Amino acid sequence: MKQHILLILIFACLGNGLFAQTTVDIFINGTKAGQISLNADQNTGGISYKKSVYKKIDRLTVEIHGKSVDGGYYRKVQVIGDDVAPMLIASETEGAVGQFVLTDSKLIKRLTKGKPITLYVEKTPANTKSTEAVTKVYLGTLTREK
């Protein structure tokens, strides 16, 4: 039964990928844990990881491709736990556009316990004279399979 559900989800993601504007790759300890494709107005969806495979999470890497990394913006990833306020704000990795490496001990502890996190990217215009507002784009929710 789980295989059928997984297969349906894969086909849905592939079908959705044709119209997606943002693709988010998640790497746990350097191994690709999943990928999600999101439309501009989408604010649900996520990636799940297996407890048995990723017991020891040391590093979480988020790579963003698509519309969310285009243009002259300063980008930061916001990690939201149980609260509305971000538990972590991480800047973009220098020299790697759209890549964010998250190694915060609170975040790692939360993931090893199996608690979900929600990721957003905050885009601030690089031009200080710009009147454009800071935008926040949903990147997905990372959860552990039961």
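This report walks through the fold of a single predicted chain, from its overall layout to a few individual residues.

## The chain at a glance

Let's start with the broad picture of this predicted model. The chain contains two helices and nine strands. Reading from the N terminus, the order of elements is α-β-β-β-β-β-β-β-α-β-β. The chain has 146 residues, and 33% of them count as buried.

Contacts across the sequence are worth a look too. If you take contacts between residues at least 6 apart in sequence, 57% of them join residues at least 24 apart. On the outside, the chain exposes about 9100 Å², and carbon and sulfur atoms supply 54% of that area.

## The four-strand sheet

One sheet is open and has four strands, in the order E2-E1-E4-E7, with antiparallel pairing. Its edge strands are E2 (31–38) and E7 (99–102), each of which pairs on one side only. On average, neighbouring strands of this sheet are turned by 15° against each other, direction ignored.

To find your way around this sheet, try the pairing of strand E4 (residues 60–66) with E7, which is antiparallel and runs over four bridges. Here leucine 60 stands opposite leucine 102 of E7.

## The five-strand sheet

A second open sheet holds five strands in the order E3-E9-E8-E5-E6, and its pairing is mixed. Strand E3 (46–49) and strand E6 (86–91) are at the edges; each has a single partner strand, so one side of each is left without a neighbour in the sheet. Neighbouring strands in this sheet are turned by 25° against each other on average, direction ignored.

Let's cross the sheet from the E3 side. E3 and strand E9 (residues 135–144) run parallel and are joined by four bridges; within this pairing, tyrosine 49 has arginine 144 of E9 as its bridge partner. E9 then pairs with E8 in the antiparallel sense over seven bridges, and E8 pairs with E5, also antiparallel, over eight bridges. Leucine 119 is a handy landmark here: glycine 140 in E9 is its bridge partner, while valine 79 stands opposite leucine 119 of E8.

## Helix H2 and its two faces

Helix H2 (residues 105–112) lies across E3, strand E5 (73–80), E6, strand E8 (117–125) and E9, and runs at about 120° to E6. Its buried residues are Leu107, Ile108, Arg110 and Leu111. These cover an arc of only 160° around the axis, which puts them on the same side of H2. The face turned away from that buried side carries the exposed residues Ser105, Lys106 and Lys109. After the helix comes glycine 114, with a positive phi near 90°.

Is arginine 110 buried or exposed? Its relative accessibility is 10%, so arginine 110 counts as buried, the cut-off being under 20%. Leaving aside neighbours within four places in sequence, arginine 110 is in contact with Gly81, Asp82, Met87, Lys115, Pro116 and Ile117.

## The nonpolar core

Which members of the largest nonpolar core touch the most other members? Of its 28 residues, they are Ile26, Leu60, Val62, Leu102 and Leu119. Two of these names, Leu60 and Leu102, have already appeared as a facing pair between E4 and E7.

Valine 62 has contacts worth following in the viewer. Not counting residues up to four places away in sequence, valine 62 touches Val24, Asp25, Ile26, Gly98, Gln99, Phe100, Leu102, Leu119 and Leu139.

## A closer look at phenylalanine 27

Phenylalanine 27 sits in strand E1 (residues 22–28). With 17% relative accessibility, phenylalanine 27 counts as buried, because the cut-off is under 20%.

Which residues does phenylalanine 27 touch, not counting residues up to four places away in sequence? They are Lys32, Ala33, Arg59, Leu60, Thr61 and Glu63. Glutamate 63 is 36 residues from phenylalanine 27 along the chain, and the C-alpha atoms of the two are separated by 8.2 Å.

Technical notes
Residues numbered from 1 in each chain as written. Predicted model: local features only at pLDDT ≥ 70, side-chain atom pairs only at ≥ 80, totals over all residues. Heavy atoms only, no water. Pairing = 2+ DSSP bridges. Axes fitted to C-alpha atoms, helices over the stretch in contact; angles between N-to-C directions. Buried < 20%, exposed > 50% of the residue type's maximum accessible area, 1.4 Å probe, protein only. Contact = heavy atoms within 4.5 Å. Areas by Shrake-Rupley, 256 points an atom, 1.4 Å probe, with all protein chains shown as cover. Core = buried A, V, L, I, M, F, W, Y, C linked by side-chain atoms within 4.5 Å. Arc of directions from axis to C-beta.
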